[in-house]
Amino acid sequence: MGNVGNLDIRVQKAHFHEYYDHIEPEGAATMRPLLHAIQDEAFVQQFKVGLSAREFSTERIERLTTLLQSVTRAAAYDPMTITELKANPGRVIESLTQSRAQRIADGKQRDREDVIMVSAEDMKILVDAILRTTLPRYPLGREIYKRVAHSGAASQVALNPPGERPHQTPSYAEALHGNDVSAENERGLAQSW
Amino acid sequence: VVILDPPTTLQLADGNSDLPLLRFLEGSSEPVALTAPGIAYAADVIATLEGPQRRQLENRLREMVEKAAPAYEGGLFAPVPLYHFLEFGRAEARVFSDLRVALDVMGDRMPGALSIQSYTIANVTDLPIVLLDTQSAREQLDALIQAGIHMQTIWIS
């Protein structure tokens with residue numbers, strides 16, 4: 001029975017390669033430019049600077065870089081079949097836990113969309129990165145203080161900010177026909193300092 | 001997030017560590033929001049100065065404006081904003097007159113248009129506004145409260 005099973009796998013693999021030698025996995029070609037970009041040293045450097053500015057740790061930056069490249073590579077190249085996955089699932093899982101994403105295709109149902117597997121920990125890191133990088137992260141007051149505070153002399157205007165002239169609402173008639181007095185009040189400050 | 005009113009925006013542009021706003025920021029765990037009227041006030045006051053002090057404050061204010069971003073901007077390659085930036089927009093324009101009418105009781109001590117606009121932004125966004133603790137500012141807030149207009153405030157001195 002074992003030999004029959006192995007033979008079955010070999011046959012299916014042969015069929016799979018024959019199929020993918022002629023037909024690109026869906027979406028793979030469109031991933032190639034992205035793969036080139038994410039492998040480009042300048043892009044990678046910019047990517048790392050962007051993560052660093054959002055206070056990701058060095059370790060997390062390296063893992064995200066590896067992970068992004070791995071997911072993109074998996075999406076761009078030939079998938080593993082379900083049969084191959086079944087043949088040695090432990091090895092596949094071991095590979096996934098080393099941040100190597102894996103594209104899986106159902107060779108028996110060509111119209112079924114391929115999937116990409118990553119480890120649970122990598123998925124958690126990806127989701128965290130997406131949330132942290134798509135939302136702006138604003139520094140806290142104390143961080144702003146460290147950035148802008150100085151011990152030089154304060155300006156008099158900052159020590160005693162001048163009051164504005166009291167706002168004066170024009171009458172309806174003034175608003176319709178124009179009145180320089182109200183316009184002046186809008187512009188100027190109440191007093192000099 | 002805390003909103004700076006016009007005078008505290010001017011103090012941030014100055015940056016002297018002894019100013020009330022800077023002392024407040026030193027111990028604050030809140031991001032800071034600048035407002036369009038606050039920036040306009042600070043720029044207006046700075047424009048009245050002369051010499052190197054004016055240039056220094058103009059440069060600092062320019063950097064503040066450049067480092068401020070509307071809340072919707074994000075993404076890995078977007079510049080990291082230092083401040084929120086709140087506009088005086090459509091919602092504020094609709095309620096401005098409510099606040100102005102509430103402040104009518106102050107008569108000649110009515111705040112200026114830019115201050116009322118800042119209060120309006122704080123009212124619409126329901127974010128706390130940082131105010132210098134002065135008698136006139138207290139009176140203004142009392143007038144708004146008496147009219148039933150809610151505003152969260154942080155008093156600094």
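**A tour from helix 3 of chain B outward**

Start with the cover over helix 3 of chain B: its buried residues are covered by elements that include helix 9 (156–159) of chain A. From chain B itself, the cover includes helix 1, strand 2 (32–35), helix 4 (51–66), strand 4 (83–86) and helix 6. Keep in mind that this is a predicted model.

**Stop 1: inside helix 3 of chain B**

Select residues 36–46 of chain B. Which residues of this helix are buried? They are Pro37(B), Gly38(B), Ile39(B), Tyr41(B), Ala42(B), Val45(B) and Ile46(B). Now add Thr35(B), which caps the N-terminal end of the helix. A side-chain oxygen of Thr35(B) lies 3.0 Å from the backbone nitrogen of Gly38(B). Gly38(B) is thus on the list of buried residues and is also the partner of the cap.

**Stop 2: all of chain B**

Widen the selection to the whole chain. Chain B holds 7 helices and 6 strands. Trace them along the sequence and the pattern reads β-α-α-β-α-α-β-β-α-α-β-α-β. Of its 157 residues, 53% count as buried. Now look at contacts in chain B with a separation of 6 or more: 68% of them join residues 24 or more positions apart.

**Stop 3: the interface**

Show both chains. Here 42 residues of chain A are in contact with 52 residues of chain B. The area buried between the chains is about 3800 Å². Carbon and sulfur atoms give 61% of that area. Which residues of chain A lose the most area to chain B? Select Tyr138(A), Tyr145(A) and Glu164(A). Together these three account for 19% of what the chain A side buries.

**Stop 4: the largest pocket**

Next, go to the largest pocket, with about 560 Å³ of space. Its lining has 26 residues, and those closest to its centre are Gly163(A), Glu164(A), Thr134(B), Ser136(B) and Gln140(B). You have met Glu164(A) before, among the residues of chain A that lose the most area to chain B.

Colour the lining by element. In chain B, helix 1 (6–14), helix 6 (113–125), strand 5 (129–132) and helix 7 (135–146) each supply at least two residues. Helix 7 of chain B gives the largest share, 5 residues. Then colour by residue class: the lining divides into 13 nonpolar, 8 polar and 5 charged residues.

**Stop 5: the second largest pocket**

Move on to the second largest pocket, which holds about 360 Å³ of space. Of the 16 residues that line it, select the ones closest to its centre: Phe47(A), Leu68(A), Leu126(A), Ile130(A) and Leu76(B). Four elements of chain A give two or more residues to this lining: helix 2 (28–39), helix 3 (41–53), helix 4 (58–76) and helix 7 (120–134). How do the residues of this lining divide by class? There are 14 nonpolar, 2 polar and no charged residues.

**Stop 6: two positive phi angles**

Finish in the loops. Select Ser99(A), in the loop between helix 6 (89–96) and strand 2 (102–105) of chain A. Ser99(A) has a positive phi of about 60 degrees, though it is not a glycine. Is Ser99(A) buried or exposed? Its relative accessible area is 8%, under the 20% cut-off, so Ser99(A) is buried.

Now select Asp126(B), in the loop between helix 6 and strand 5 of chain B. Asp126(B), also not a glycine, has a positive phi of about 60 degrees. Asp126(B) has 40% relative accessibility and so counts as partly exposed.

Methods. Residues are numbered from 1 along each chain as its sequence is written. Chains are lettered from A and ligands numbered from 1 in the order in which they are written. This is a predicted model: local features need pLDDT of at least 70, side-chain atom pairs count only at pLDDT 80 or more; totals for chains, interfaces and linings use all residues. Side-chain values use heavy atoms; hydrogens and water are left out. On a 1 Å grid over the protein atoms alone, a cavity is a set of points where a 1.4 Å probe fits but cannot get out, and a pocket is an open set with protein on both sides within 12 Å along at least five of seven lines; lining residues have an atom within 4 Å of a point. Grid points are joined across faces, edges and corners, and a volume is the space filled by probe spheres set on the points. Ala, Val, Leu, Ile, Met, Phe, Trp, Tyr, Cys and Pro count as nonpolar, Asp, Glu, Lys and Arg as charged, and the others, Gly among them, as polar. Buried means under 20% relative accessible area, exposed over 50%, partly exposed in between (1.4 Å probe, protein chains only). Contact means heavy atoms within 4.5 Å. A polar contact is a pair of N or O atoms within 3.5 Å; within protein, one must be able to donate a hydrogen and the other to accept it, and residues adjacent in sequence count only if both atoms are side-chain atoms. Buried area is the accessible area (1.4 Å probe) that two parts lose on being put together, summed over both.
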